[in-house]
Amino acid sequence: MGQAIEVHGLVKQYPGLTAVDHIDFQVASGSVFAFLGPNGAGKTTTTEILEGLRNRTEGDVRVLDLDPWKEGRRLHRKIGVIPQDFRFFEKINPREAIEYYAALFGTDPDPMELLGRVALEDKADSHYDTLSGGQKQKLGLALALTNNPEICFLDEPTTGLDPHARRAIWAVIRRLRSEGRTVFLTTHYLEEAELLADHTAIINHGKIIAAGTPGEIIRRLGRPERLVIEAPPSLGTYLQDQAGIPAEIHDGKVEVPLRAKGDALRVLNAVASSGIPWEGFTTAQDTLEDVFVRLVGQMDDGALKSEAAP
Ligand SMILES: Nc1ncnc2c1ncn2[C@@H]1O[C@H](COP(=O)(O)OP(=O)(O)O)[C@@H](O)[C@H]1O
Ligand SMILES: [Mg+2]
């Protein structure tokens with residue numbers, strides 16, 4: 001599988017700010033790539049450079065083997081874009097909006113077929129300003145598809161939507177992938193990346209701080225799987241001192257890391273032998289969000305400390 005997007009040493013400087021600071025990544029054709037980061041991290045800047053809407057300060061960028069800035073006209077025929085905070089004329093309806101975009105691109109899609117793909121047929125004739133937030137985003141997706149693009153760039157397509165509307169957008173993203181398109185998605189919802197993305201990169205203050213499949217990032221940077229037992233702290237002490245099991249107390253519960261097969265059985269046997277009453281147990285594993293919050297938090301703590309230093 002070839003690369004749809006290749007980025008090497010990308011830098012974007014605004015006056016007094018390096019918004020994107022020497023980043024590298026690739027996106028394989030036909031995959032979903034999630035570009036994650038807190039507000040102000042540099043996601044939209046990067047996305048707009050890939051779309052050919054902003055020039056870069058330094059670095060090499062290829063999108064579908066084109067230079068987005070120098071060959072933007074050719075690129076724009078092959079990509080679909082929903083900008084962050086997508087808006088449209090208030091008194092136009094989705095059917096007319098698609099006709100308008102099709103005229104701009106010189107394409108001839110069937111508006112009802114496109115609206116069907118995003119489950120918006122029933123609103124084909126409703127004014128834009130009467131659509132819900134989720135319906136507006138679905139229209140944005142339909143518009144991004146008017147030129148049958150190879151890559152769809154979706155900049156925070158689900159921000160501010162309710163859980164039901166977010167799931168509807170996820171279904172469209174899955175369908176785009178199943179059609180063999182490449183999806184470049186930015187989001188600050190981590191579970192979204194975990195559910196949808198083949199690969200992710202986490203950006204903070206313009207630098208990529210982790211990259212890989214969500215599973216790889218969790219395995220590499222997350223805490224190991226653990227057994228969480230609802231029991232008094234004395235059980236933790238017993239496990240440590242009497243059974244040689246590395247137990248810790250977290251949020252009033254006893255936690256034991258599970259590193260090997262059989263660890264859980266060994267721990268539960270020790271719990272039974274202790275005679276200490278316990279309520280129940282669960283197993284816990286870090287999510288991408290746990291990893292993200294810790295990584296970004298550590299970086300920001302570090303930055304605060306170095307700023308505070310004399
Ligand atoms: N046109 C611009 N001129 C100056 N600074 C900008 C401009 N666009 C974005 N920035 C700054 O660059 C940083 C990254 O912004 P952005 O790429 O929009 O982040 P994100 O999309 O991750 O929230 C922010 O500090 C933002 O204020
Ligand atoms: Mg943004």
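This report describes the domains, one sheet and one helix of a predicted model.

## Basis of the model

The model is predicted: local features need pLDDT of at least 70, side-chain atom pairs count only at pLDDT 80 or more, and totals for chains, interfaces and linings use all residues. Residues are numbered from 1 along each chain as its sequence is written, while chains are lettered from A and ligands numbered from 1 in the order in which they are written.

## Domains

The protein is divided into domain 1 (3–219) and domain 2 (223–284), with bounds taken from an automatic or database domain assignment. Their C-alpha centres lie 45 Å apart.

## The three-stranded sheet

Three strands (DSSP runs of E, at least two residues, numbered from the N terminus) form an open, antiparallel sheet in the order β2-β1-β4. β2 (17–28) and β4 (58–63) are the edge strands; each has a single partner, so one side of each lacks a neighbour in the sheet. On average, neighbouring strands are turned by 15° against each other, direction ignored.

Pairing requires at least two DSSP bridges between two strands. β1 (residues 3–14) is joined to β4 by five bridges, and β1 pairs with β2 over nine bridges. V7 has bridge partners in both: F25 in β2 and V61 in β4. V11 is partnered by E58 in β4. In the hairpin of β1 and β2, two residues separate the strands, and G16 takes a positive phi near 75°.

## The helix across the sheet

Helix α1 (residues 43–50) lies across β1, β2 and β4 and runs at about 120° to β1. Helices are DSSP runs of H or I with at least four residues. Contact means that C-beta atoms, placed from the backbone, lie within 7 Å. Axes are lines fitted to C-alpha atoms, for helices over the stretch in contact, and angles run from 0 to 180 degrees between N-to-C directions.

Technical notes: Two residues are in contact if their C-beta atoms, placed from the backbone, lie within 7 Å.
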